[in-house]
Amino acid sequence: MIAPSDEAGLVAAIEVAAAARTPLTIEGLGSKAGFARPVQTAETLSTRNLTGIPLHAPQELIVSARAGTTLAALEAKLAEAGQHLIAEPPHYAFLGAEAQTVGGIIATNLSGPRRIAWGAMRDHVMGIRAVTGRAEVIRSGGRVLKNVTGLDLCKLFTGSYGTLGVMSEITLKVLPAPEATGTVVLAGLDAATAVKALSAALGSPFSVTGAAHLPEGAAAALGHARPITIARIEDFTDSVHYRIGRLAEIWGAFGMVEQLDTSASLALWRAVRDAAPLAVREGDAVWRISVRPSAGPSILEAAQAAGLDGYLDWGGGLVFLSGPGDEAAHAAIANAARRAGGEWWLLRAPDALRHSPDALPREPDALAAIRRRVTAAFDPAGILNPGRLHAA
């Protein structure tokens, strides 16, 4: 493993690899090695030693972290100033004790329940420094909120899974953490009715920042005897109390409503964010399906028929599933997602399943042609995470 402690070390490692056309596995601490397709290379280039937070300007709502800094360390630093990461990136429970890095979160564009209200992780990346497959250092964006300098490569690199370059430093917009959090809970709804309730909450004027449905199995994992449908509001204490009460009135048409205080709400939404309701066993796979909210219940129904468990987030637009990591289960999920016009990602699976041609959705030809040209511009030798997103 090559693990330089500075950006110059990244440049030197990539320069040698590019000259010899030696493929590199790009990672931080390796927590996401099971995501998407497997990468088989002779050498690994890690950012684990590129750590630290060189800039935190609380009054400017800006923080810069080196790519190997752990997500937990960054969150702790922000918490000292009463701030948080806007997109609520997850610490997936099925990763076990593996720590996640800031670079890994940006490279995979992971967002939590708050994504429905405040946008995805890529919407809050203000600037990056990275080393391309040409061993060139590039800089995009900056360290201020009102920044329109140059090409917006920040969004291009966010979610690129290390296939365009190795990020060395990321600058993010942050916000003050809410003073209070409240949750409205409905028990006993089926998935289709739950999505109607969630749509009513999201369509209300009360600024819901979380909307999820946990069927019986997922709810039981968190200690609930029946399915639960939940909506979250975050803000100043008095505002949360008022809006939670008004939302409870709207949801009264769907059944008996319970309200949770800040402490109970934080614990519940942390579990939803981290996919803790999933029962993940040895040999199981974990799927993450993005679909229009109205189609979420049909995906969940198809999954349950195939012996999988799961739950809905983002008002029904994000489906988390876990179950046997075999071809039959994956085919059922992929077919259901296709019929609904959705996309799927494998977050964990046996290597045999990750090697299959259907491991990820097929790109439209026009998009694939653009992607190949972009990749060739940044990594002409094709040495960075080859095959991670697209079969060679």
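**A tour of the cavity and pockets**

Begin in this predicted model with the largest cavity, whose lining, sorted by class, holds 7 nonpolar, 2 polar and 2 charged residues. To display that lining, select P90, Y92, S111, G112, P113, V272, R273, D313, W314, L318 and F320; two or more of the lining residues come from each of helix 9 (262-273) and strand 15 (318-324). The volume of this cavity is about 40 Å³, and the count of cavities of 30 Å³ or more comes to 1.

Next, turn to the largest pocket, which takes in about 1,400 Å³ of space. Its lining is made up of 48 residues, and to centre the view you can select G159, S160, W345, L389 and H390, which are the closest to the middle of the pocket. Colour helix 5 (153-157), strand 13 (284-290), strand 16 (343-348) and helix 13 (365-378), since each of these elements supplies at least two residues of the lining; helix 13 gives the most, with 7 residues. By class, the lining of this pocket has 24 nonpolar, 13 polar and 11 charged residues.

Finally, move to the second largest pocket, with a volume of about 510 Å³. Of the 22 residues that line this pocket, H84, R114, L266, R270 and R273 are the closest to its centre, and R273 also appears in the lining of the largest cavity. Two or more lining residues come from each of helix 2 (71-80), strand 5 (83-85), strand 9 (180-187), strand 11 (228-235) and helix 9, with helix 9 giving the most, 6 residues. The lining here divides into 8 nonpolar, 6 polar and 8 charged residues.

Note on methods:
Residues numbered from 1 in each chain as written. Predicted model: local features only at pLDDT ≥ 70, side-chain atom pairs only at ≥ 80, totals over all residues. Heavy atoms only, no water. 1 Å grid on protein atoms, 1.4 Å probe; cavity = no way out; pocket = protein on both sides within 12 Å on 5 of 7 lines; lining within 4 Å. Points joined across faces, edges and corners; volume = space filled by probe spheres on them. Helix = DSSP H or I, 4+ residues; strand = E, 2+ residues; numbered from the N terminus. Nonpolar A, V, L, I, M, F, W, Y, C, P; charged D, E, K, R; others polar.
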